[in-house]
Amino acid sequence: MAKIKNMDVEWGYSGERGPANWHTLCDWFAEGAKFPLQSPIALTQSICQTDNSTYQALSIHYQKELFTEKEFKNTIHFVPFDTKSFVVFNKIEYHLTDIHFHMPSEHVIENQRQPLEFHLVHMNAAGENLVLGVLFDLTEDEGKIFNNQPDTIWDFANHLQEFNPVIFLPEKRSHYHYVGSLTTPPTKGPINWFVFDTIGKMKLDFIDLFREDVAENNSRPLQELKERQVDYYGG
Ligand SMILES: [Zn+2]
């Protein structure tokens, strides 16, 4: 096996270091790209064949906690200090380790792309990831998402945030579930993806607080569905 080199190469969303060439940039990226079921994909109810009686529901156990924000991998990440928030899927706990966003959305639901998608990235004790995806429309109006939460702190001057990550989730928890990959290099899989089909509304001025250093487009193009199962859980 080839020796893995250049773990930390630069990559982006256009030109020679864009998505079509990520797998050529280093051996680590090449290895991840070998996973055949890549993300994101186009989601529609017409491709789902879910038996809701056997479907293992996702249970969400989020709580208010402290985060710091950092810029890397072409987006801003909110990273919790203590990873207290977690989800349970198939009786396994996955702790929330990172929240970041893409513009425009990476997943497409019923042929609709949205301006924004948040990813809530979790990890279990074995180091396996599980990601929740939430698509948002941007609005100038007072959105629901950030108004109903007392004692939320967004202190970008001191890189200290305090919020319950549930604020990023829609109230209605119906979602698609499928197995895919990371959408950024090294695009490795398998990763359990849960993408909510309720489109959130987010205030544009909230995003403007932290998107200054982020590329205009940080969204990976759609990947082939191939032979994979996509489930829809009506909640
Ligand atoms: Zn992401």
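**Close-up views of a predicted model**

His100 and His102 are both buried. They belong to the zinc site of this predicted model, and the legends below start there.

**View 1. Zinc is held by three histidine nitrogens.** The donor atoms on the zinc ion are NE2 of His100, NE2 of His102 and ND1 of His119, at 2.0 Å. His100 and His102 thus appear with the NE2 atom towards the metal, whereas His119 is bound through ND1. Along the chain, the donor residues follow the spacing H-x1-H-x16-H. Both His100 and His102 count as buried.

**View 2. Lys201 and Asp137 form a salt bridge between two strands.** The side chains of Lys201 and Asp137 are paired at 3.8 Å, N to O. Lys201 belongs to strand β14 and Asp137 to strand β9 (residues 129–139), so the salt bridge ties together parts that are 64 residues apart in sequence. Lys201 has a relative accessible area of 45% and is therefore partly exposed. Asp137 is also partly exposed, because its relative accessible area is 28%. The structure holds 2 salt bridges; the other pair, Glu31 with Lys34, is shown in the next view.

**View 3. Glu31 and Lys34 form a salt bridge.** The closest N and O atoms of Glu31 and Lys34 are 3.4 Å apart. Lys34 has a relative accessibility of 60%, so this residue counts as exposed. Glu31, at 38%, is classed as partly exposed.

**View 4. Ile199 sits in a loop and touches Asp137.** The loop that holds Ile199 runs between β13 (191–196) and β14 (200–203). Leaving aside residues up to four places away in sequence, Ile199 touches Gln114, Leu135, Phe136 and Asp137. Asp137 is also the salt-bridge partner of Lys201. Ile199 counts as partly exposed because its relative accessibility is 32%. Between the C-alpha atoms of Ile199 and Cys48 the distance is 19 Å, and in sequence these two residues are 151 residues apart.

**View 5. Cys26 and Cys48 are buried cysteines.** Cys26 has a relative accessibility of 4%, which means that it counts as buried. Cys48 is buried as well, at 15%, because the limit for this class is under 20%. The number of disulfides in the structure is 0.

**View 6. Leu66, Phe81 and Leu160 make up a nonpolar surface patch.** Together, these residues have about 250 Å² of accessible area. Phe81, one of the members of the patch, lies in the loop between β4 (75–80) and β5 (86–89). With a relative accessibility of 48%, Phe81 counts as partly exposed.

**View 7. Thr187 is a buried loop residue.** Thr187 is placed in the loop between β12 (175–180) and β13. Its relative accessibility is 3%, so Thr187 counts as buried. The contacts of Thr187, not counting residues up to four places away in sequence, are Trp22, Gly32, Ala33, Gln38, Ser181, Leu182 and Arg220. Strand β13, which borders this loop, also borders the loop that holds Ile199.

Definitions and conventions. Residues are numbered from 1 along each chain as its sequence is written. This is a predicted model: local features need pLDDT of at least 70, side-chain atom pairs count only at pLDDT 80 or more; totals for chains, interfaces and linings use all residues. Side-chain values use heavy atoms; hydrogens and water are left out. Helices (H or I, at least four residues) and strands (E, at least two) are DSSP runs, numbered from the N terminus. Buried means under 20% relative accessible area, exposed over 50%, partly exposed in between (1.4 Å probe, protein chains only). Contact means heavy atoms within 4.5 Å. Donors are N, O and S atoms within 2.8 Å of the metal (3.2 Å for Na, K and Ca); water is not among the atoms, so sites may look incomplete. A disulfide is a pair of cysteine sulfur atoms within 2.5 Å. A salt bridge is a side-chain nitrogen of Lys or Arg within 4 Å of a carboxyl oxygen of Asp or Glu. Patches are made of residues with over 30% relative accessible area and no salt bridge: like charges are joined within 9 Å, nonpolar side chains (Val, Leu, Ile, Met, Phe, Trp, Tyr) within 5 Å. Accessible areas come from the Shrake-Rupley method with a 1.4 Å probe; for residues, only the protein chains shown count as cover.
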